[in-house]
Amino acid sequence: MENRENLGNDEIQISVDSDLHVPSYESLQSQTFLMLAGKQHCGSPRVALGTKVLNAMPDEHTCKFLLEWYFEKCHESSYPKHSVLALANSFWSSSFAPAFNRETRNTDELEQVSTMLCKNAERALQEFEDFDDWLASCSGTNFRWESLGAVYGALTTSILSLPERDAFFATQRGDRRNRRDFAVEMKDCVQACITLSNYMDLINVPMVALLVKNLVLQTVLSGDASELSLPAKETRLTC
């Protein structure tokens, strides 16, 4: 597969065992209203929301499968695909990645990651002409909510483009066995990332792209569900 190396060299294996951790899902939509943009200091409500967003991240094998599908099958109108894949690869190769590979995720560890991302959100994101410089500014220890939102946006697009009865969903647990429920959960995380990244009214190009992505996904989810039941190669899903 072209550019497969962007996602690492591990063979993609989706099985019931690959999804040992599935957080109980509670809609984040209402919670984002408690985090309206403002100039207040980064405090526990923001970190708490970020912890919920981080806990919703699927396991690494599931993410790799969905991102492979996203790169190969989905049409992207908001983000360059290679940028999203680079951000996702950075997430899973970062120093905090082990916190997401545990069978039972530790809340304290997730809170530490959320605190780091909240602190990064306090700094304006510079613009770079060079891709490597840009990636370094918003990945690794500089990972930002905009970066995480881009990954969640790609996961949402991939889920929506899969056939409704695809065998992939049988490997998931709880509401994630239903394609629409899984997609809505990931889309709520995109919205929450926008709220969390909107600190001190700072704006940047990735933030604008994320706003566009969120709008497109909301439009797709609010549209005709019958169109979403077709394979991605037939629908040319644009999100």
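**Position of Gln112, the nonpolar core and model confidence**

Gln112 lies in helix 5, which spans residues 107–120. In this predicted model, Gln112 has a relative accessible area of 57% and is therefore classed as exposed, since the cut-off for that class is over 50%. The residue was also compared in position with Thr51. Along the sequence, Gln112 and Thr51 are separated by 61 residues, whereas their C-alpha atoms are 8.6 Å apart in space.

The interior of the protein was examined next. The largest nonpolar core comprises 62 residues. Within this core, the members that touch the most others are Val53, Met57, Phe100, Trp145, Leu148, Tyr152 and Leu155. Two or more core residues are supplied by each of several elements, including helix 2 (44–55), helix 3 (60–73), helix 4 (81–92) and helix 5. Helix 6 (131–137), helix 7, helix 8 (179–197) and helix 9 (205–222) likewise give two or more residues to the core. For Leu148, the residues touched, leaving aside those up to four places away in sequence, are Val53, Leu54, Met57, Phe91, Leu117, Phe143 and Cys193.

Confidence in the model was assessed by pLDDT. The mean pLDDT of the protein is 81, with 74% of its residues at 70 or more. Among the elements, helix 7 (residues 145–161) has the highest mean value, 97, and helix 10 (residues 232–235) the lowest, 42. Over residues 224–237 the pLDDT is below 50, and the model shows 23 contacts for this stretch beyond near neighbours in sequence. Residues 1–22 also remain under 50, with 45 contacts beyond four places in sequence.

Definitions and conventions. Residues are numbered from 1 along each chain as its sequence is written. This is a predicted model: local features need pLDDT of at least 70, side-chain atom pairs count only at pLDDT 80 or more; totals for chains, interfaces and linings use all residues. Side-chain values use heavy atoms; hydrogens and water are left out. Helices (H or I, at least four residues) and strands (E, at least two) are DSSP runs, numbered from the N terminus. Buried means under 20% relative accessible area, exposed over 50%, partly exposed in between (1.4 Å probe, protein chains only). pLDDT is the predictor's confidence in each residue, from 0 to 100. Contact means heavy atoms within 4.5 Å. A nonpolar core is a set of buried Ala, Val, Leu, Ile, Met, Phe, Trp, Tyr and Cys residues joined through side-chain atoms within 4.5 Å.
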